[in-house]
Amino acid sequence: MKSFQVVEFNAPLKEVDQPTPQPSGTQVLIKVKAAGVCHSDLHIWEGGYDLGHGRKPLSLKDRGVSLPRTMGHETVGEIVAFGPDVKAGDKADLKAGDVALVYPWLGCGKCETCLAGEENMCLKPNALGVYCDGGYADYMTVPHPRYLLNLKGLDPVTAAPYACSGVTTYSALKKVEADFNTPIVIFGAGGLGLMALSLLKAMGGKGAIVVDIDARKREAAEKAGALATVDGKAPDALEQLAKKAGGPIRAVIDLVGNAATTQLGFDCLTKGGKLVIVGLFGGGAPWALPLIPIKAITIQGSYVGNLRETQELLDLVRTKKIAPIPVTPMPLAKANEALVDLQKGRLVGRAVLTP
Ligand SMILES: [Zn+2]
Ligand SMILES: [Zn+2]
């Protein structure tokens with residue numbers, strides 16, 4: 001098998017040839033059909049996050065990410081073989097030849113959090129493509145068939161990003177579901193923002209006001225059905241938000257996550273409102289602490305989503321015919337170029353590697 005591995009943080013990926021593994025235990029061997037190149041792969045590749053206030057960057061090495069590592073946590077593959085310990089009941093509706101989405105956000109599989117189905121919240125993460133090898137390869141092993149979700153005819157290339165950006169957006173929206181009868185404010189009109197707009201509609205929400213500093217992205221959000229858009233850099237952005245919402249703003253989803261977006265997101269909320277931070281752009285918190293209790297604001301982080309939510313998302317996509325997000329398919333051999341293009345902001349839509 002061929003894979004493209006991070007052998008050194010920030011250095012080009014290395015092409016590695018190894019014998020294709022046989023699945024052991026409960027593993028499933030898949031032939032990769034699509035591997036999305038996610039923005040968080042850049043953080044893995046670069047080796048960390050900016051924490052702001054001059055703090056030392058949050059290093060992934062300190063968080064247990066060891067090298068070499070095959071990245072890729074948005075993977076769709078065709079099932080080749082099941083390990084000897086896979087029982088008929090483990091496979092659900094899966095058989096060799098089926099095409100499935102890999103749920104990558106694994107934990108230890110043993111603790112209470114994992115057993116409650118919240119593996120993405122486990123304190124001993126084992127995420128595929130982060131802590132274990134992922135989909136920048138032509139073959140990949142998945143530890144158990146329960147992490148494979150049958151695509152049942154959905155297109156592998158456009159479905160791959162549902163494993164990360166899709167479920168991340170879906171899980172963030174679920175956290176403000178109680179406020180779907182009011183306009184939600186969404187920061188960031190990139191891939192996640194556009195996906196949030198179509199999911200919000202499919203989930204029965206009233207709609208969203210989208211904030212972005214890029215005029216082209218605001219235009220894309222308007223085309224994708226945003227109720228209104230606001231330039232986050234405008235001096236009167238806060239007044240514009242209040243006016244366009246036409247009433248109190250109860251929920252904000254920040255898909256950017258920098259000091260400026262979290263400040264404006266916090267400021268535009270009414271009393272008792274909720275700010276859900278998803279984006280990992282980085283920086284330090286900007287809020288005046290007394291305003292958090294005075295406004296009784298909830299600030300909640302949202303990190304990817306769980307297996308159940310991923311299945312719900314696929315069902316929603318299938319039943320509501322959600323339009324696919326724009327993708328740029330690229331051959332696996334161009335994994336390095338895809339990362340550099342993403343880093344330089346040159347990609348239209350999401351790059352998906354197709355071995
Ligand atoms: Zn991702
Ligand atoms: Zn666990």
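Reading a zinc site and a helix pair

Colleague: The donors of the zinc ion (ligand 2) follow the spacing C-x2-C-x2-C-x7-C along the chain; which protein atoms are these donors, and how far from the ion do they lie?

Modeller: This is a predicted model, in which local features need pLDDT of at least 70, side-chain atom pairs count only at pLDDT 80 or more, and totals for chains, interfaces and linings use all residues. Residues are numbered from 1 along each chain, chains are lettered from A and ligands numbered from 1 in the order written, and side-chain values use heavy atoms, without hydrogens and water. The donors (N, O and S atoms within 2.8 Å of the metal, or 3.2 Å for Na, K and Ca) are the SG atoms of Cys 108, Cys 111, Cys 114 and Cys 122, lying 2.3 to 2.4 Å from the zinc ion.

Colleague: What geometry does the site have?

Modeller: Ideal angles for four tetrahedral donors are 109.5 degrees. Here the angles among the four donor atoms are 105 to 116°, and the site is tetrahedral (all angles between 85 and 135 degrees).

Colleague: Is Cys 114 buried or exposed?

Modeller: Cys 114 counts as buried because its relative accessibility is 6%, whereas Cys 111, at 25%, counts as partly exposed (buried is under 20%, exposed over 50%, partly exposed in between, with a 1.4 Å probe and protein chains only).

Colleague: And where does Leu 314 lie?

Modeller: Leu 314 lies in helix H10, residues 307–320 (a helix being a DSSP run, H or I, of at least four residues). At 0% relative accessibility, Leu 314 counts as buried, and the residues it touches (heavy atoms within 4.5 Å) include Leu 101, Leu 149 and Tyr 162.

Terms used: Four donors count as tetrahedral if all angles lie between 85 and 135 degrees; four count as square planar and six as octahedral if opposite donors are over 155 degrees apart and all others between 65 and 115; anything else is irregular. Helices (H or I, at least four residues) and strands (E, at least two) are DSSP runs, numbered from the N terminus. Lists of a residue's contacts leave out its neighbours within four places in sequence.
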